[in-house]
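Dear colleague,

I am passing on the structure below, together with some notes for a reader who has not met it before. Please look through it first and then read on.

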Amino acid sequence: MINMFEVNETNKMIEQENLDVRTITLGISLLDCIDSDLAILNEKFFNKITTYAKDLVATGEKISAQYGIPIVNKRISVTPIGLVGGAACRTTEDFVTIAKTLDKAAKQVGVNFIGGYTALVSKGMTPAEELLIRSIPQALASTERVCSSVNVGSTKTGINMDAVKLMGEVIKETAEYTKEADSLGCAKLVVFCNAPDDNPFMAGAFHGVTEADAIINVGVSGPGVVKTALEKVRGENFEVLCETIKKTYLPMTVVPDRSKLTVAMSDG
């Protein structure tokens, strides 16, 4: 049972130590949208994203107001486009149309970013995945909210050096394509090794194929909380340091439950 001391501890983290819910990310599977017709594919992508995410921002703001916890960002991740776009895309420009569709959908529902313009190529690239990778500079230059990622290696399967070489070229091109905006495209591009099955964190976010049709991920951010805790044990040994961090993160992860209790107590 959560007690009053724990509720006050959470309130202090929020009010004095910059604890917030950094993001809520809605993961959406696009596997059932695959189509060989590019126009139909884009229509399916747009319709599913805007249908599933239509209330994401409003719901996040409602929860934030009700429980008094800042929710800074609302985001979306989708199935890696390298997997679901290949049936319809024959050129890099075809893939760019998908990026623009994702961007349009993100703008309509009001989220900060949408991730999943992604290729997972740690062992090798399909022709479609190579096209997507080569399209990244143009895709990021022609969109505002799309984030891209490429997984080029893993401990288990090794490193795809062809992909590594190609990504070196792509990063340089992305910087050039977006140079008028301080090469912002590079800030929306992640190159992985050992990418997890599912990743809700921008800019490398994508919705894993092992996940359900739609899921919500919550990211809690509390650098100020950790900083305050570490200042209290300055000069202590490494074991104390580790234990302090562990104890600090535990209350941060149950913020929603404690906030519910705070509301209940304030309501009498």
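I begin with a loop residue: N194 counts as partly exposed, because its relative accessibility is 43%, a value that falls between the limits of 20% for buried and 50% for exposed. Please keep in mind throughout that this is a predicted model. N194 has its place in the loop between strand 7 and strand 8, and its phi is near 60°, which is a positive value in a residue other than glycine.

Another residue with this feature is S183, where phi is near 55° and is again positive although the residue is not glycine. S183 is found in the loop between helix 7 and strand 7, and with a relative accessible area of 24% it is partly exposed. For background, most residues other than glycine have a negative phi, and most peptide bonds are trans. On the second of these points, the peptide bond that runs from M202 to A203 is cis, with omega near 10°, and A203 is placed in the loop between strand 7 and strand 8 (214-221).

The loop between helix 7 and strand 7 (189-192) also holds L184, which counts as partly exposed because its relative accessibility is 46%. Although L184 and E144 are 40 residues apart along the chain, their C-alpha atoms are separated by 9.7 Å.

A163, which lies in helix 7, gives another pairing of this kind, since its C-alpha atom and that of V121 are separated by 7.2 Å, with their positions 42 residues apart along the chain. A163 has a relative accessible area of 0% and is therefore buried.

Turning to how the helices are arranged, helix 6 (residues 127-141) and helix 7 (residues 161-177) have axes that come within 8 Å and cross at roughly 15°. Helix 6 is therefore roughly parallel to helix 7, as angles under 35 degrees are counted in that class. The crossing of these two helices, helix 6 and helix 7, is right-handed.

Helix 2 (residues 38-52) packs with helix 5 at an angle of about 25°, and the axes of the two are 9 Å apart. This angle means that helix 2 and helix 5 are roughly parallel to each other, and helix 2 passes helix 5 in a right-handed crossing.

As for the interior, in soluble globular proteins nonpolar side chains tend to be buried together. Here the largest nonpolar core has 47 residues, and the members that touch the most others are I76, I81 and Y117. The element that gives the most to this core is helix 5 (residues 92-109), which supplies eight residues.

Finally, there are two notes on aromatic rings. How many aromatic pairs does the structure hold? The number is zero. The ring of F46 does, however, have the charged end of K104 sitting over it, at 5.0 Å from the ring's centre.

If you go through the model yourself, the places I would suggest opening alongside this message are the cis peptide bond from M202 to A203, the positive phi of S183 and of N194, and the charged end of K104 over the ring of F46.

With best wishes

Notes:
Residues are numbered from 1 along each chain as its sequence is written. This is a predicted model: local features need pLDDT of at least 70, side-chain atom pairs count only at pLDDT 80 or more; totals for chains, interfaces and linings use all residues. Side-chain values use heavy atoms; hydrogens and water are left out. A nonpolar core is a set of buried Ala, Val, Leu, Ile, Met, Phe, Trp, Tyr and Cys residues joined through side-chain atoms within 4.5 Å. Buried means under 20% relative accessible area, exposed over 50%, partly exposed in between (1.4 Å probe, protein chains only). Helices (H or I, at least four residues) and strands (E, at least two) are DSSP runs, numbered from the N terminus. Rings of Phe, Tyr and Trp (its six-membered ring) pair if their centres lie within 6.5 Å; planes under 30 degrees apart count as stacked, over 60 as edge-to-face and the rest as tilted. A charge sits over a ring if NZ of Lys or CZ of Arg is within 6 Å of the ring centre and within 35 degrees of the ring normal. Axes are lines fitted to C-alpha atoms, for helices over the stretch in contact, and angles run from 0 to 180 degrees between N-to-C directions. Angles under 35 degrees count as roughly parallel, over 145 as roughly antiparallel, 65 to 115 as roughly perpendicular and the rest as oblique. A crossing is left-handed if the near helix is turned anticlockwise from the far one by less than a right angle, and right-handed if clockwise.
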